[in-house]
Structure formats: structure tokens, C-alpha cells
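Biologist: I am new to this model and would like a close look at a single part of it, namely its enclosed space.

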Amino acid sequence: MTKVAIIFHSRSGNTYQLAAAAADAAAKAGAETRLLKVGELPDPMVLDKEAYSALETDTADLKVATLEDLVWADAIMIGTPVHFGLPAPQIINFIDHSGPVAIPGKLVNKAVTVFASGSAPHSGAQTTILAVHNSLCHWGSLIVPNGSSVEILGSENNGSPYGTCSISRHEANNVHEDNLRAIEYQALRLVEVARAYQIGLQQTESAIKYVTLDDLTRKFPRLSMN
């Protein structure tokens, strides 16, 4: 069974709605899923405090993502609000702390896809997704984009080949039905790619030789995490 971790941060519920829809779609496709939120920062920037408080209640039962979840997963979905054209600081913080599993190669060839929610069209959702892609290149992951060949992606409410982008208009829990259908497609595509790679590995030997962090730090002392 393909294992999928859906890891997200949300401020007013929009990214959370996308993440929950993605988790449902992946589960319906036969995947084992974990819907996970990233840890909060000490002083987060919050515009809609009422929505943020409600979201905190709605997601109280969700576990906080750990590095073990990254290693566990065959496929990973990362969801983030747009923050000045970049991922939310909470997502960046989580990625920044992935070194202990990324540097030894434990995230190599995992299928990964990214989605985002912004306030308006052309407000940085695509640059946000591409910024996360930069980190995925360092992980050595297999980036899975949406493409443009499926009808729902061509609706006026979608259109990004990089990943699903929701437009909130500064409203809480304001995800268009087309965006929900797009994220369902994105989740199904991710499961399909991850499953195909798993089948391929059963027929051939991987060329990847994993190393431990100790091996690397002995050879390259500057990589020491201490």
C-alpha cells in the first residue's frame, strides 16, 4: 500500500480544506494517509484572529508532522498559504529542520507535490509552490506537478500547472469547488506516480546508496549538525 503524508500549515482554513480533500482522495485511491500540520512558531503573523482560533480548534486532533513522517511516506503533499510570494514561515521552518533525514538521502525519490492558497489571482501562489520545489531538489525528490492536460485544471478558478492554487479573497474557508476537484486530481496523480515507482523498484535494483549522517560528517566536518 502506498503511504502518503499530507503536511500543511493554514491560517484561516483554506489550506486546511485543500489538505483534507487531498487526504480523502488519496485514501479513496487505496493509499494509507497521514494528515499532519506543521508546528507553530512562537509569534505567528495572524490577520484573521477569529478564523485562526477556529482553525486551531478544528485541527486540535491532528498530529504535528515529524521527520519520521517524511521517512515513513512514499509520497508527500505539502500545502501552504502564500506569504509575500513565499511559503509560510512555519513550512520553511519544517523544511529547514529536515537535514537529518534529507542529507543522508532518506527523502530521495519520494514523490512530492505542492499546493498553496493565496488571497487573490497573481498574488504569489505559483512562486510559493516553486519556492518549495527548490527545497525538493535538494531532497532529491520526484516533483509531481499538475500539468495542464486535465479539464478541471483549465477552469477559471484553477490554471496552475505547478500545483493547485486556491484564491481566498481574504475570506476564511473560502475554497472553490473547482479547487477541491483540482486537489483531488493532484492527490490521485501523486499516488499513481508513487505507486508506479514502487512497482518499478520491485523489478530493478536501486542505484541509490544511502549513507548515514555520521558517514557524511566524518568526510565533510562542516556538515555536522552539532
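Which residues line the largest cavity?

Modeller: This is a predicted model, in which local features need pLDDT of at least 70 and side-chain atom pairs count only at pLDDT 80 or more, while totals for chains, interfaces and linings use all residues. Residues are numbered from 1 along each chain as its sequence is written, and side-chain values use heavy atoms, leaving out hydrogens and water. The count comes to one cavity of 30 Å³ or more, a cavity being a set of points on a 1 Å grid over the protein atoms alone where a 1.4 Å probe fits but cannot get out. The largest cavity holds about 40 Å³ of space, the volume filled by probe spheres set on points joined across faces, edges and corners. Its lining, meaning residues with an atom within 4 Å of a point, is made up of N146, L153, N158, G159, S160, G163, T164, C165 and A182. By class, three of these lining residues are nonpolar, six are polar and none is charged, with Cys counted as nonpolar and Gly as polar. Turning from the cavity to helix packing, Q17, L18, A21, A22, A25 and A26 of α1 meet N179, L180, I183, E184, A187, L188 and V191 of α7, where contact means heavy atoms within 4.5 Å and helices are DSSP runs (H or I, at least four residues) numbered from the N terminus. That contact of α1 with α7 has ten nonpolar, two polar and one charged residues.

Note on methods: 1 Å grid on protein atoms, 1.4 Å probe; cavity = no way out; pocket = protein on both sides within 12 Å on 5 of 7 lines; lining within 4 Å. Helix = DSSP H or I, 4+ residues; strand = E, 2+ residues; numbered from the N terminus.
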